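Colleague: I'm new to this one, so please pick a single part and take me through it closely. Where would you have me look, and what is there?

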Amino acid sequence: MILVFLGAPGCGKGTIAKIFEEKLNFCHISTGDLIRNAISSNKELGEMLKQIISNGNLVSDEIVLKLLNEKLKDCSSNLILDGFPRNLLQAQKLDEMIKIDKVVYIDTPYDIIKERLVGRRTCENCGKVYNLDIYNSNTCSCGGKLVQREDDTPHIIEKRFKVYEKETMPLVQYYQNQGKLLKVESNSSSNDTFKNILNMLEVK
Ligand code: AP5
Ligand code: MG
């Protein structure tokens, strides 16, 4: 099954995709993670990408498509795309590349998103994501240090949300027109949201 997780920054795309990965063996591709990896591994390109994402803007379609195409080679049938597509052009390109089964639109109010993002911490070592709301420590279960993402400051969160509304929100209608959109509210725990998605997908 090929799924797209669509939703605003902080709605829980990555957290829920990780549950699919752990429990159902899905291959999880986050274009945000691919970009952050490119920043760490490629000095020249990395500096330019860092500037873009730390200001809350979108990276160019060309670069994102190149990173995605490389990563797709590692994945087979069960796949979740998290954070891609993010604009109409990317959605059209994706339709030429792959047949998507369903698009899970995780709808979350802005005030909840903002709180979640300000409290998010990520392990420097293994990449595990936490929230200060339920995990009040500076150390990951693997012993790594927990850090805040540079784009998780109130000002940049607001910017990312504006970019989301302008560039990504039109995809809700795009996939609705294709009859692929499943909408889920994510006001409850990530495990409950996971179960709601499974029910909607009719996965036993
Ligand atoms: P990306 O990394 O994709 O960021 P994003 O879309 O802004 O989404 P986030 O990762 O911030 O949120 P999420 O929905 O994954 O939430 P999470 O599960 O972590 O992209 C970063 C940047 O890269 C972009 O701004 C852009 O510059 C660039 N980029 C990426 N893709 C691109 C593309 N296709 N084209 C161009 N540029 C691109 O959860 C957030 C927090 O909430 C966590 O602390 C978590 O523990 C907590 N939480 C999650 N769910 C729940 C719940 N149900 N209840 C309570 N807490 C919860
Ligand atoms: Mg994410």
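Modeller: What follows is a walk around one ligand, with a short detour into a strand.

First, some ground rules: this is a predicted model, where local features need pLDDT of at least 70 and side-chain atom pairs count only at pLDDT 80 or more, while totals for chains, interfaces and linings use all residues. Residues are numbered from 1 along each chain as its sequence is written, chains are lettered from A and ligands numbered from 1 in the order written, and side-chain values use heavy atoms, leaving out hydrogens and water.

Now to ligand 1. There are 32 residues around it, counting any with a heavy atom within 4 Å. Thr15, Asn57, Arg86, Arg120 and Arg160 come nearest. The shell splits into 12 nonpolar, 13 polar and seven charged residues (nonpolar: Ala, Val, Leu, Ile, Met, Phe, Trp, Tyr, Cys and Pro; charged: Asp, Glu, Lys and Arg; polar: the others, Gly among them).

Look at the ligand's oxygen atoms next. One lies 3.1 Å from a polar backbone atom of glycine 12. For arginine 36, an N or O atom of the side chain is 2.8 Å from a ligand oxygen, and a polar side-chain atom of asparagine 131 is also 2.8 Å from one. On its own, ligand 1 exposes 1,000 Å², and the protein buries 93% of that (Shrake-Rupley areas, 1.4 Å probe). Helix H1 (13–24), H2, helix H6 (110–118) and strand E6 (129–131) each give two or more residues to the shell, and H2 has the largest share, with four. Helices (H or I, at least four residues) and strands (E, at least two) are DSSP runs, numbered from the N terminus.

Arginine 36 leads us on to strand E2, where serine 30 sits. Serine 30 is in contact with Arg36 and Asp82, leaving aside neighbours within four places in sequence; contact means heavy atoms within 4.5 Å. At 8% relative accessibility, serine 30 counts as buried, because the cut-off is under 20% (over 50% is exposed, in between partly exposed; 1.4 Å probe, protein chains only).

Histidine 28 is in strand E2 too, and its 11% also makes it buried. Its side chain makes polar contacts with those of lysine 18, at 3.0 Å, and aspartate 82, at 2.9 Å. Such a contact is a pair of N or O atoms within 3.5 Å; within protein, one must be able to donate a hydrogen and the other to accept it, and residues adjacent in sequence count only if both atoms are side-chain atoms.
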